[in-house]
Each structure stands twice: as C-alpha cells, then as structure tokens.
Amino acid sequence: MSDLRAKVTANLLLRFGGRIDRIIELGVGNGSILIEVAKIVGATQLYGVDINDKALEESRRKGIITIKADLNIDMIPLPDNYFDAVLIEEVIERLTNPDHALEEAYRVLKPGGLFIVTTPNLAWWVNRIVLLLGYQPYWSEVSTRYNVGKLFRSINQPLSGHLRLYTLKALKELLELHKFKVITVKGVAYPHNKFLYLIDKAISTLSPGFAEIIIVAAKKT
C-alpha cells in the first residue's frame with residue numbers, strides 16, 4: 001500500500017534535490033517508506049538508522065544498509081557530507097533530544113543536499129477546534145497508560161508515544177537554528193473517513209500550517 005508521506009517526499013526530492021542516489025532515513029522502521037521513495041527517485045544506496053532490532057532486520061531484508069543507533073545520543077558512524085538526502089519521517093516527535101538528531105542529519109548531509117522532515121501538526125485545524133471545546137489535542141498524551149481527554153477516543157486506545165509536538169512555525173524555526181534553509185512546506189491529509197478527508201485535503205493544500213501532517217523540505221547551507 002502506497003504511503004502518502006512517501007509520495008510527497010519523493011516529489012520534493014525530484015523537484016528540489018537534484019540527482020539523488022544515496023539516502024539515509026533516521027528512524028527507518030521496517031524500511032517501507034524508504035524503499036518506496038527510492039523507487040520513485042531512482043536511488044540505489046539506501047541506509048537506515050533505528051534502535052529497534054526487529055525493525056532493522058525487516059529493513060535489511062529489503063536491501064537497506066542498517067545501522068543500530070539511538071538518535072537521541074549516538075553519533076551515526078558515517079562520514080560528514082555523505083548523503084544526497086536525509087529523511088526523518090514521523091520520528092522527531094518521539095525523540096527526547098531532537099537537537100542531537102538534527103545535528104547528525106546536518107553533519108552527514110552533503111552541502112546542498114535535501115533534508116525532509118515529516119511530523120504530526122499540533123496546530124492541525126481539528127486540534128484547534130477540540131481545544132476550544134476543552135479536549136486534549138490529538139497526537140498529544142498526558143499518560144503513559146491511558147489515552148485520556150480525547151474526543152471520540154476511548155482511554156484504552158493505543159498510545160502514540162509522542163514526546164514533543166510541533167507547529168509548522170516551531171519546526172521551521174528549529175531547523176533554521178540548526179543551519180538548515182527551509183525550501184518549502186507541504187501538508188498531508190490522512191483518509192480517516194471520506195468526509196473528513198475531503199475537508200482535510202482541501203485545507204492542507206491551501207494552508208499547510210493547518211494540515212494534519214506537515215512536511216518540510218530544507219537544504220544544508
């Protein structure tokens with residue numbers, strides 16, 4: 001099944017990244033997004049970093065060169081200025097130390113290379129409404145056991161494990177502080193249900209700052 005983030009990421013790489021052959025994904029998981037992106041852009045050297053052994057094994061089976069590392073504290077054991085593109089897809093919000101991960105992303109990226117970040121949007125238009133009604137914003141959690149305070153969610157629904165949530169403005173400022181130059185931003189809508197998806201897609205296209213998922217493309221300066 002195609003992933004919406006993968007499609008948007010690949011389109012951004014094709015538009016702004018020049019020739020892309022060597023890509024690394026930070027928090028690669030099972031490798032499915034990286035593989036899909038690579039097929040579209042024609043990349044052949046694929047690297048993935050993760051801390052989960054099972055995820056790394058699944059990525060290896062897909063032909064990805066894997067590295068076990070904790071993005072919060074570990075240095076990626078690869079040279080400076082090594083990759084044409086670096087991806088971090090819905091991982092930055094799970095890190096206790098995103099600044100370290102951004103420093104490593106900048107270090108291993110070639111000058112002029114493209115950095116793609118995707119993350120849930122704290123300022124999603126739905127979150128703005130539920131906050132006005134007194135509910136907890138989606139994507140955020142106040143308990144390690146219970147999914148409390150959400151509209152249309154039971155307390156026993158799975159937790160996301162998100163530690164830090166970003167608005168588009170906050171994410172752009174953070175990237176700029178880490179010496180990245182923001183090139184463009186996109187919004188992605190997920191098809192939860194047909195009615196909500198149509199509204200979400202229209203709003204995301206018009207104003208990424210209101211989208212459910214924000215995608216930022218930045219270059220190493």
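**View 1. Tyr47, a buried residue in a predicted model.** In this predicted model, Tyr47 has a relative accessible area of 9% and is therefore buried, since the cut-off for that word is under 20%. Tyr47 forms an aromatic pair with Tyr82, and the two rings meet edge-to-face, with 6.1 Å from centre to centre and 80° between the planes. Tyr47 belongs to strand 2 (residues 45–50), whereas Tyr82 sits in the loop between strand 3 (65–68) and strand 4 (83–89), so the pair ties together parts that are 35 residues apart in sequence.

**View 2. Surroundings of the Tyr82 ring.** Ring pairs join Tyr82 with Tyr47 and Phe83 into a cluster. Arg22 also takes part in this view, because it lies over the face of Tyr82, at 4.0 Å from the ring centre, which satisfies the limit of within 6 Å for a charge over a ring.

**View 3. The stacked pair of Phe115 and Phe180.** The rings of Phe115 and Phe180 form an aromatic pair that counts as stacked, with 4.7 Å from centre to centre and 25° between the planes. This pair links distant parts of the chain, as Phe115 lies in strand 5 (residues 109–120) and Phe180 in strand 6 (residues 180–188), 65 residues apart. Both partners are buried: Phe115 has a relative accessible area of 1%, and Phe180 has a relative accessibility of 3%.

**View 4. Arg128 over the ring of Phe210.** Arg128 is placed over the face of Phe210, and its distance from the ring centre is 3.9 Å. For the structure as a whole, the number of aromatic pairs is six, and the pairs of Tyr47 with Tyr82 and of Phe115 with Phe180 are among them.

Terms used: Residues are numbered from 1 along each chain as its sequence is written. This is a predicted model: local features need pLDDT of at least 70, side-chain atom pairs count only at pLDDT 80 or more; totals for chains, interfaces and linings use all residues. Side-chain values use heavy atoms; hydrogens and water are left out. Rings of Phe, Tyr and Trp (its six-membered ring) pair if their centres lie within 6.5 Å; planes under 30 degrees apart count as stacked, over 60 as edge-to-face and the rest as tilted. Helices (H or I, at least four residues) and strands (E, at least two) are DSSP runs, numbered from the N terminus. Buried means under 20% relative accessible area, exposed over 50%, partly exposed in between (1.4 Å probe, protein chains only). A charge sits over a ring if NZ of Lys or CZ of Arg is within 6 Å of the ring centre and within 35 degrees of the ring normal.
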